[in-house]
Amino acid sequence: MDYFAQEMAKRIKYQAKKHDTCLREMYSCLGLPHRTVAYIADGEKISYQIILKIADYLDCSIDYLLGRTDNPICHKERSRNE
């Protein structure tokens, strides 16, 4: 298993819990397989589109999910207003 993959899965679970959303609900809304986060944790390759969908759904940045920052705030609002 890959450390970064496990960290990404952990961050997805954390953000879902923070937003009071269960993973099953997220999978259903996004049309994802019901074990998507488990696949991520196991180090299986997933497309950037799936990561983008999850980040948008959880209203956090992709960089946060990937572990590139510890700040989950999505900067899309700042970009729209500049």
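Contact here means heavy atoms within 4.5 Å. Every view below comes from a predicted model.

**View 1. How confident the prediction is along the chain.** Averaged over the chain, pLDDT comes to 89, and 87% of the residues score at least 70. Compare the elements and helix 2 comes out on top, with a mean of 97. Helix 6, residues 76-81, sits at the other end with the lowest mean, 54.

**View 2. The largest nonpolar core and the helices that build it.** This core has 18 residues. The members that touch the most other members are Ile12, Met26, Ile54, Leu58 and Leu65. Five helices each put in at least two residues: helix 1 (3-18), helix 2 (23-30), helix 3 (36-41), helix 4 (48-58) and helix 5 (62-66).

**View 3. Zooming in on Leu65.** Leave out residues up to four places away in sequence, and which residues does Leu65 touch? The list runs Met8, Arg11, Ile12, Ile51, Ile54, Ala55 and Cys60. Two of these names, Ile12 and Ile54, also turn up with Leu65 among the core members that touch the most others. Cys60, another contact of Leu65, is buried, with just 1% relative accessibility.

**View 4. Arg11, a charged residue tucked away in helix 1.** Is Arg11 buried or exposed? Its relative accessible area is 9%, so Arg11 counts as buried. This residue is part of helix 1. Skipping residues up to four places away in sequence, Arg11 touches Tyr64, Leu65, Gly67, Thr69 and Asp70.

**View 5. Glu7 and its two partners in helix 1.** Side chains of opposite charge can pair when their charged atoms come close. Glu7 does this with Lys10, in a salt bridge whose closest N and O atoms are 3.9 Å apart. Both residues belong to helix 1 and are 3 residues apart, about one turn of the helix. Glu7 also meets Arg11 in a salt bridge, at 2.9 Å from N to O. Why are Glu7 and Arg11 separated by about one helical turn? Because they are 4 residues apart in helix 1. As for accessibility, Glu7 is buried at 16%, while Lys10 is exposed at 52%.

**View 6. Arg11 reaching over to Asp70.** Here the closest N and O atoms of the Arg11 and Asp70 salt bridge are 2.7 Å apart. Arg11 belongs to helix 1 and Asp70 to the loop between helix 5 and helix 6, so this pair ties together parts that are 59 residues apart in sequence. The two ends have unlike surroundings: Asp70 is exposed, with a relative accessible area of 64%, whereas Arg11 is buried at 9%. Through shared partners, salt bridges join Glu7, Lys10, Arg11 and Asp70 into one network. Searching the whole structure turns up 4 salt bridges.

**View 7. Cysteines without a disulfide.** How many disulfides does the model have? The count is 0. Take Cys29: the closest cysteine sulfur belongs to Cys22 and is 8.9 Å away, which is too far for a bond because a disulfide needs the two sulfur atoms within 2.5 Å. Cys29 is exposed, at 52% relative accessibility. Cys60, back from View 3, is buried instead, at 1%.

Conventions: Residues numbered from 1 in each chain as written. Predicted model: local features only at pLDDT ≥ 70, side-chain atom pairs only at ≥ 80, totals over all residues. Heavy atoms only, no water. Core = buried A, V, L, I, M, F, W, Y, C linked by side-chain atoms within 4.5 Å. Buried < 20%, exposed > 50% of the residue type's maximum accessible area, 1.4 Å probe, protein only. pLDDT = per-residue confidence, 0-100. Salt bridge = Lys/Arg side-chain N within 4 Å of Asp/Glu carboxyl O.
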